[in-house]
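Hi everyone, thanks for coming. Let me put the sequence and the structure up on the screen, and then we'll walk through a few spots together.

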Amino acid sequence: MKLYVFSASTAHLLHFIFEWLAIAIGVQLYRRQRAYQQQAGILAPGHYGVIIGCVLGAAIGNKAAFWMEFPHMWAAATDNLQILMSGQSIVGGLLGGLIGVEFAKYLLKQPQSTGDNFVLPLMVATVIGRIGCFLAGLNDGTYGNATGLPWGIDFGDGIARHPTQIYDMIFVLAWGSYLWRYRQAWQSQSGLMFKMYLAGYLFWRLLVDGIKPVPYYYFSYFSGIQILCIIALVIYLPLLVRQMLRLNTGEKFGLEP
């Protein structure tokens with residue numbers, strides 16, 4: 001199957017539109033959830049600082065993960081601001097946002113969990129954003145390796161490739177919908193649903209990035225994003241397991257976003 005190939009400028013514009021559409025819809029879903037649960041608005045005193053921490057952390061993590069994926073471009077970036085500011089990563093944004101939220105909560109002395117309300121917005125925003133990645137084709141670094149499978153997509157170079165953008169959408173919808181459907185089961189442990197969503201997505205990216213072109217190999221096998229996923233899972237899985245073990249006891253375990 002061959003995808004209609006847009007010019008580079010049009011592809012970047014489409015990606016930009018879907019990216020900001022994803023952010024706008026995600027924010028509105030988050031606000032609606034808080035309103036439905038009769039929680040304070042996102043600009044309420046105390047919570048505003050957490051949102052700022054999330055945004056700043058996501059922005060930093062977004063770029064840091066990209067440069068971990070493309071370390072060979074560092075030299076060129078020092079002389080070119082456009083290259084320096086280019087590139088994004090969902091994994092980096094998620095992890096950076098998590099760290100930003102936790103740091104803001106520490107400064108504001110807010111121990112309560114805020115993460116479960118992020119699951120639905122993240123799921124919807126990721127799907128919308130990946131539509132932009134898919135339409136951008138070879139102008140975006142999210143396509144897969146060559147494949148002989150019947151659903152392989154030709155993004156314009158004459159090679160049928162894994163449509164990993166679509167794989168990502170399918171996984172996020174399936175995993176996020178499962179967690180959302182059974183959300184009542186996780187409610188006794190505030191923040192558990194977010195932990196499960198993030199750990200699942202990190203594990204998924206560790207796998208699916210294995211069928212994507214790797215711009216720079218670490219240890220002769222892994223991409224920068226895969227290394228980041230491994231590090232995050234090693235740190236995060238013990239927190240997830242400990243909280244799942246407390247699921248039926250009513251105990252609470254901290255460091256939830």
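**A walk around H9**

Let's start in the loop between H9 and helix H10 (224–245), where you'll find lysine 212. Before we go on, please keep in mind that this is a predicted model.

So, is lysine 212 buried or exposed? It's buried: its relative accessible area is 8%, and the cut-off for buried is under 20%. And what is lysine 212 in contact with, once we leave aside its neighbours within four places in sequence? The list is Arg130, Thr142, Tyr143, Gly144, Asn145, Thr164 and Arg205. Hold on to two of those names, Arg130 and Arg205, as they'll come back in a minute.

Now stay in that loop and look for phenylalanine 219, which also sits between H9 and H10. Phenylalanine 219 isn't a glycine, and yet its phi is positive, about 55°. Serine 220 is in the loop between H9 and H10 too, and here again we have a residue other than glycine with a positive phi, near 65°. Are these two buried or exposed? Phenylalanine 219 is exposed, because its relative accessible area is 71% and exposed means over 50%. Serine 220 counts as exposed as well, at 69% relative accessibility.

Okay, let's zoom out for a moment. The protein chain has 257 residues, and 47% of them count as buried. Its secondary structure comes to 10 helices and 2 strands. If you read the elements from the N terminus on, you get α-α-α-α-α-α-β-β-α-α-α-α. Here's another number to take home: among contacts between residues at least 6 apart in sequence, 68% join residues at least 24 apart.

Back to H9, then. H9 has 17 residues, and from its first C-alpha to its last it reaches 24 Å, close to the 24 Å expected at 1.5 Å a residue. How many of the residues of H9 are buried? The count is 15 of its 17, so H9 is mostly covered.

Let's look at two helices that meet H9. One is helix H6, residues 119–136, and H9 itself covers residues 192–208. The axes of H6 and H9 come within 10 Å and cross at roughly 30°. That makes H6 roughly parallel to H9, since angles under 35 degrees count that way. On the H6 side, the contact is made by Val119, Leu122, Met123, Thr126 and Arg130, and on the H9 side by Met193, Phe194, Tyr197, Tyr201 and Arg205. Sorted by class, the residues of this contact come to 7 nonpolar, 1 polar and 2 charged. And there are our two arginines: Arg130 on H6 and Arg205 on H9, both in contact with lysine 212.

The other helix is H5, residues 90–108, whose axis comes within 11 Å of the H9 axis and crosses it at roughly 150°. That makes H5 roughly antiparallel to H9, because the cut-off for antiparallel is over 145 degrees. The crossing of H5 past H9 is left-handed. Which residues meet here? From H5 we have Ile90, Val91, Leu94, Leu95 and Leu98, and from H9 we have Phe194, Leu198, Tyr201, Leu202 and Arg205. By class, the contact of H5 with H9 has 9 nonpolar, no polar and 1 charged residues.

Next, cysteine 229, which lies in helix H10. Cysteine 229 counts as buried, at 0% relative accessibility. Not counting residues up to four places away in sequence, cysteine 229 touches Val91, Leu202, Arg205 and Leu206. You've already met Val91, Leu202 and Arg205 in the contact of H5 with H9. Cysteine 229 and valine 91 are 138 residues apart along the chain, while their C-alpha atoms are separated by 7.7 Å.

Here's another pair to find on screen: arginine 183 and methionine 193. They're 10 residues apart along the chain, and their C-alpha atoms are separated by 7.1 Å. Arginine 183 is in helix H8, residues 183–186, and it is partly exposed, with a relative accessible area of 29%.

Last stop: helix H2, residues 47–69. H2 has 23 residues and reaches 33 Å from its first C-alpha to its last, close to the 33 Å expected at 1.5 Å a residue. Its buried residues include His47, Gly53, Gly57, Gly61, Phe66 and Trp67.

That's it from me, thanks for listening!

Key:
Residues are numbered from 1 along each chain as its sequence is written. This is a predicted model: local features need pLDDT of at least 70, side-chain atom pairs count only at pLDDT 80 or more; totals for chains, interfaces and linings use all residues. Side-chain values use heavy atoms; hydrogens and water are left out. Axes are lines fitted to C-alpha atoms, for helices over the stretch in contact, and angles run from 0 to 180 degrees between N-to-C directions. Helices (H or I, at least four residues) and strands (E, at least two) are DSSP runs, numbered from the N terminus. Angles under 35 degrees count as roughly parallel, over 145 as roughly antiparallel, 65 to 115 as roughly perpendicular and the rest as oblique. Contact means heavy atoms within 4.5 Å. Ala, Val, Leu, Ile, Met, Phe, Trp, Tyr, Cys and Pro count as nonpolar, Asp, Glu, Lys and Arg as charged, and the others, Gly among them, as polar. The expected span of a helix is 1.5 Å times one less than its number of residues. Buried means under 20% relative accessible area, exposed over 50%, partly exposed in between (1.4 Å probe, protein chains only). A crossing is left-handed if the near helix is turned anticlockwise from the far one by less than a right angle, and right-handed if clockwise.
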